[in-house]
Amino acid sequence: MARGGRWFPLLWTVVVLCNGVSASPLSLDSLESEEDVGREEMVVRLELEGHVLADSEYLIRKDDRIFYPLDQLARHLELDIEVDPLAGEAQGWVLDPEREFEFSLDRREWRLGDQRRELASSEYIEEHSDIYLREDVLTSIIPLELEYQSHQSAIQATAGESLPILTRLEREARWESFSGESGRAGGEDWLPRREHPPRAVSRPAWSLSMSQSLDEAGGRSRGDLGVAGDLFWHESQWRVQMTDDQGVRRFDGTLAREFDRSYLQRYELGRTTLTGHDLVRRRRTGAGVSVTNRPEGAAQATFSDHVIDGEAPAGWAAELYREGDLIDFQEVDEDGRFEFTQIDAFPGTNRYEIELYGPHGERETRRRTIEIGPGLLPPGTVHYTLDAGSPGRSLYRATERDRASWSSARAEVGITPSLAAGADVHRFVPGGQDVAPEQDVGAADLSLSAFGLWMRLRAAANDTGEQAWRFAATRALGAWDLSYKTDQVNGLNTPELPDGLAQRHELEASGSIGGLRSRLRYQFERDEDGRERHRLRTRESMRVGDQRITNRLSARDGDGRDRTASGQIRLRRGHAHSGRLEFGADYRLAPGAEVEAAEVGYSRQLAQDWRMDTQLTGSFNDDPHDVRIGLSRRGGSYWRLTSRAEADTEGGWRVFAGLDIGGLPHPDGGWTLDPAAGRGYDRGAAVADVRLDGEPAEGVEVCAGFHCGKSDDSGEAWVPRIRPHERVNLEVDISSIEDPFVRPAQRGYSFTPRPGRVLDVDVDLHVTGEIDGIVYREDGDGRRSEVSGFELEAVNQETGEVVQQDTSAFDGLYLLDQLPPGVYQVRATEAQAERLGVPQAATAQQVEVEGGGDLVSGYDLVVHSGGAFVQAHRPKSASEPLKLRVDSAQELREQLETLLARMGADEPEGGMEALVADVRERNGEALDTAQPVEVPTDRAPLDRVVYWSEDAAEQLISPE
């Protein structure tokens, strides 16, 4: 085929999918009658073990062999294969990263793992949009069995190995069975992706905060300016602080790149976070550089309660899954929080998924990992971290002192599911007047799960021979965890180990009893000079209705001091929007028992975006009483005013006023003042241009995760303050549209927010239409009756998405409403078709819904009670020819007349004589041999029957 002719398959697909001019997909049966059998195009439905992957997939038939699109099929199966059809190349891996795949037309070969084969010209077809492989070649690469079913114009695929997509689809089917909630069509978790390409320079988001404080000592002014955006193809964040007495007081900035690779996850330079390491250093921020392949939150030691919680809109439902199994569910409370407690985690890596369901069909997936035992990794996984910097240092600070610097390298590897090892090296250089020498420290650790315990052994030593080691163990006891940790120090002095410490033991118990959560920690320390110290800390919390009670107690003994014990108790009641009341008391138990102070506070959201906070503190010792009143207002769309006044009984006073303002870069140029007062300048954002049939639509809410914004009179809806680096779905909140017949043309997009960047999307709304019809059942004697309880669905012809479902009423009427303009298949649900014993495709009708909210009526469906036939008003697919057994031409005519009468027609389109003549011409001498003869079904009313059972005609003609 000439190169220009390669546009033909694309044009054919567009015609079939968009214009709907063909009553049925092109099938092999229809092609077999054509003279040109060298190359033929096919549009079929692609199914994987009962799951529809594509409703209209384009294939090629050449020399009686079917060729499949490699790139499109890899996308359907979610395989990591990238295809460049113009270059004639493909690469990636199949099911296992070790099974690398390469394909090259230049070298005329393909390779899968250790398998290498030459490629013949008859085994592939090169197109401008994809590379098509012959079926036997494709199944050698991807473990599938493919079966073409001509009567359904479908390809049935069966997995030869466990495919990740099939596991996910089966898991979602279990979710639906358990919760009664329908998953997304095709099992998709995410909407179509939109990208944020890095730029050399982007207009930054910015935030400016100004404040003025005044007290009896004088006044002070302060200003903070922050910007974020792309710089030299890196994410960048910069912040400067200014005061009236120092000018520029502090300046910080960061350049960073995020990757999704096993060998590199992120690097950053400037103001970075230096990772903490037991016995050696604490987690700090400062000027430096960091490189790691460690996903955020991975391989964290877990010694606390096994709790997974988070925030979600009130009224949503939250379900918790472990390795695909549903283990708990609950409703999100009025405060917008969910909390799963007493989670039964197993030794090793525990992966959890939280599925959130909204009241309007919204859905979001979050993932959490709990590592049982410190540092356990999946076998073969290697994590590393390289960093160097000066903790606490800014890029510029007016009064900054010389500070110490640290550099470190750490690697850890998972050996077995219950054993991991790690090692790290550090170099410490003191700064300023510190006379301590430079120090090189090396450390190693083992993480182990055995005997019902989760243990970690950590040892560190410096270049002068000083050492320290730590042993930690945790044991789960039902709803409680019991952990023990000991440090043994021989002179090693690091930020993690206090100077002079020789020995430390720590015992902790944490868990729940009913609604009471508690944590008890006991610590014993001995210094090098023999002094001993004992500490005891407890924390309890309980929620009763909308009341939350917390208590903290700390006791200490030893070190030559008197025994001390003191604590705090707090009671919070109500919610901020309706009024929140808080009571608190500070008390002391030793050396003497007394209440030291008590306070009461009240906060409430007022009208016109005002918020009021008040607090009164009373002291029962020599400290003064004080009162504080605060008032804040978010003004209009871009600024926030905060004011606060404080006074005490000794004459002290202080007043404060602050103003926050900020802007986001508008995609059309310039900046738009930030609805969130610029506080989210270092986060991601999106702006949606919402239009109803081309005109701006006001008051429509667009959400990205839990962040939402309403469109203004120009149709713009800003969604700021989205957490970066975590993929979210951006979609319209259907409940915010006043007209129930208006719906978005496309559900939305997914994207990964970047600091300071704004995603620009168009949201088109349309007045939706409706499709209705009546479902009939026909008995053996030809009488029809309306059918109630018949389940139907409307499927978008282009995307394969189930858009709407309905069940027929008592009079057989069904109504599929809220359908955006487009071409749909109206068909029985899969479960309904199984109950009937007919193919689902046999019930499908193709319907086009135009704009303007029109009602497309009269799409009736007739189902024979014996399953003999299915008759539709406008079937999507033509039926197979009908076969009759006759002994003579006269008997043929009589049977045709009986058949048509039973179908409610006196004669067929064109007349009975024309139909009989057509049958004679098609069957020839078969009429005289008592063999089954074929009756064409391309004329009314036979053309509306899309399914015949093998003995359908006999049932209709001779129902007895």
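**Buried and paired elements in the model**

Colleague: Leaving aside neighbours within four places in sequence, with which residues is Glu123 in contact?

Modeller: This is a predicted model, in which local features need pLDDT of at least 70 and side-chain atom pairs count only at pLDDT 80 or more, while totals for chains, interfaces and linings use all residues. Residues are numbered from 1 along each chain as its sequence is written, and side-chain values use heavy atoms, with hydrogens and water left out. Contact means heavy atoms within 4.5 Å. With those neighbours set aside, the partners of Glu123 are Phe67, Arg117, Glu118, Tyr132, Leu133, Arg134 and Val137.

Colleague: Is Glu123 buried or exposed?

Modeller: Glu123 lies in the loop between β8 (115–118) and β9 (124–126), strands being DSSP runs of E with at least two residues, numbered from the N terminus. Buried means under 20% relative accessible area, exposed over 50% and partly exposed in between (1.4 Å probe, protein chains only). Because its relative accessible area is 8%, Glu123 is buried.

Colleague: Which strand gives the largest share of the largest nonpolar core?

Modeller: A nonpolar core joins buried Ala, Val, Leu, Ile, Met, Phe, Trp, Tyr and Cys residues through side-chain atoms within 4.5 Å. Of the 40 residues in the largest one, Leu48, Leu77, Phe101, Phe103 and Leu133 touch the most other members. The largest share of this core, four residues, comes from strand β1.

Colleague: Which strands are at the edges of the open sheet β49-β48-β51-β53?

Modeller: Two strands pair if DSSP finds at least two bridges between them. The four strands pair in the antiparallel sense. Pairing on one side only, the edge strands are β49 and β53.
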